[in-house]
Amino acid sequence: ISYLTDILSDSDCSKRSHTLASLSLFNMLHSMCQEDYNQHILSMSPSNQNQFLSFLFNYIEKCQIQSPFSREHKELGILFFRSVLQLISCLMSILIRIWPEYLVSPSSSPSRSYWELFFRIIFNFSASKKLSIEELNVVERAELIHRYGDMRIQILEKTLEVWKLIQEQPVESISLFSSPILRQMIVQNENLQSILLLLYLRLMKQVHNQPKGLLSFETQTIQDMEYIAAEGMMT
């Protein structure tokens, strides 16, 4: 992984080399199990953990904006999503162990930026149009669900497990989380809406005891709904 990250960090490498390195990286991430992540990441020094996870998170977010694979290679696109799902699922328990202070007091946690980037990747993942099964015909939808399941729900269920451990959220994080949750709740999918509603209610509980927490939560909700309505996503 260190070798691949060196290639991917090199702005002068060729497009072909970058694509091959991305393919190798995501294939490796997909093939690694929980024990592999535990063995390698937990054995690193704290500084190396931060450096390694920071690179992974930032690179994945970059790939969410612009895929390293061309559109005609749909299977490689699926590999990317399955790799991210596997990575997120395995990292949940690891992050709790290496950055536990965030669960108690996110506002003062030195790992706050890492956690927020981690959650941003998750919400970008669940909001991806490429995973939107609602626009597929019945046959395509059944085939995708049979092969992979609804990866959006899988990753959000994992997120809810961690959110149940977080005691509070700083008021300034409300917009970071509430906006993507509300936008995705418009999707006509009862299972997806149910898990998003649980996350939304959990966020409200986390800011409840913060100064002006509920007022800020209400204000942000109204603002988000006005934006959603203005964009024509709801009436």
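These questions and answers walk through helices, aromatic rings and empty spaces in a predicted model.

Student: How far apart are the end C-alpha atoms of helix H7, residues 112–126?
Tutor: H7 has 15 residues. At 1.5 Å a residue, the helix should span 21 Å. The model agrees with that expectation, because the end C-alpha atoms of H7 are separated by 21 Å.

Student: Is H7 mostly covered or mostly uncovered, and how many of its 15 residues are buried?
Tutor: Buried here means under 20% relative accessible area. Residues of H7 that meet this cut-off include Arg112, Glu116, Ile121 and Ser126. H7 is mostly covered, and its buried residues number twelve.

Student: Which helices are included in what covers the buried residues of H7?
Tutor: Some of the cover comes from helices that precede H7 in number, and some from helices that follow. The cover includes H4 (46–65), H5 (74–98), H6 (101–104), H9 (151–163), H10 (174–185) and H11 (190–207).

Student: What distance separates the end C-alpha atoms of H4?
Tutor: H4 has 20 residues, so at 1.5 Å a residue it should span 28 Å. The model agrees with this. The end C-alpha atoms of H4 are apart by 29 Å.

Student: Which helices are included in what covers the buried residues of H4?
Tutor: The buried residues of H4 include Gln49, Phe52, Phe57, Tyr59 and Cys63. Their cover includes H1 (2–9), H2 (15–31), H3 (34–41), H5 and H7.

Student: How many aromatic pairs are there, and how is the pair of phenylalanine 57 and phenylalanine 118 classed?
Tutor: The count comes to 19 aromatic pairs. In the pair of phenylalanine 57 and phenylalanine 118, the ring centres are 5.5 Å apart and the planes make 40°. Stacked needs under 30 degrees and edge-to-face over 60. The pair is therefore tilted.

Student: Which helices does that pair tie together?
Tutor: Both phenylalanines are buried. They belong to parts 61 residues apart in sequence. Phenylalanine 57 lies in one helix and phenylalanine 118 in another, so the pair ties together H4 and H7.

Student: What class does the pair of phenylalanine 118 and phenylalanine 119 fall into?
Tutor: Both of these residues are buried. Their ring centres are 5.9 Å apart. Their planes meet at 55°, so the pair is tilted.

Student: Which residues form one aromatic cluster with Phe118?
Tutor: Phe57 and Phe119, already met as partners of Phe118, both belong. The full cluster joins Phe118 with Phe57, Tyr102, Trp115, Phe119, Phe123, Trp163 and Phe177.

Student: Is leucine 198 buried, partly exposed or exposed?
Tutor: Leucine 198 is found in H11. Its relative accessible area is 46%. Exposed needs over 50% and buried under 20%. Leucine 198 is therefore partly exposed.

Student: What is the volume of the largest cavity?
Tutor: One cavity of 30 Å³ or more is counted. Its lining consists of Leu131, Ile133, Leu144, Gly149, Asp150 and Met151. That lining divides into four nonpolar residues, one polar and one charged. The space inside is about 40 Å³.

Student: What is the volume of the largest pocket, and which lining residues lie nearest its centre?
Tutor: The volume is about 750 Å³. H5 and H8 (138–148) each supply at least two lining residues. The lining divides into seven nonpolar, five polar and nine charged residues. Of its 21 residues, those nearest the centre are Lys74, Ile78, Lys130, Leu136 and Leu144.

Note on methods. Residues are numbered from 1 along each chain as its sequence is written. This is a predicted model: local features need pLDDT of at least 70, side-chain atom pairs count only at pLDDT 80 or more; totals for chains, interfaces and linings use all residues. Side-chain values use heavy atoms; hydrogens and water are left out. Helices (H or I, at least four residues) and strands (E, at least two) are DSSP runs, numbered from the N terminus. The expected span of a helix is 1.5 Å times one less than its number of residues. Buried means under 20% relative accessible area, exposed over 50%, partly exposed in between (1.4 Å probe, protein chains only). Contact means heavy atoms within 4.5 Å. On a 1 Å grid over the protein atoms alone, a cavity is a set of points where a 1.4 Å probe fits but cannot get out, and a pocket is an open set with protein on both sides within 12 Å along at least five of seven lines; lining residues have an atom within 4 Å of a point. Grid points are joined across faces, edges and corners, and a volume is the space filled by probe spheres set on the points. Ala, Val, Leu, Ile, Met, Phe, Trp, Tyr, Cys and Pro count as nonpolar, Asp, Glu, Lys and Arg as charged, and the others, Gly among them, as polar. Rings of Phe, Tyr and Trp (its six-membered ring) pair if their centres lie within 6.5 Å; planes under 30 degrees apart count as stacked, over 60 as edge-to-face and the rest as tilted.
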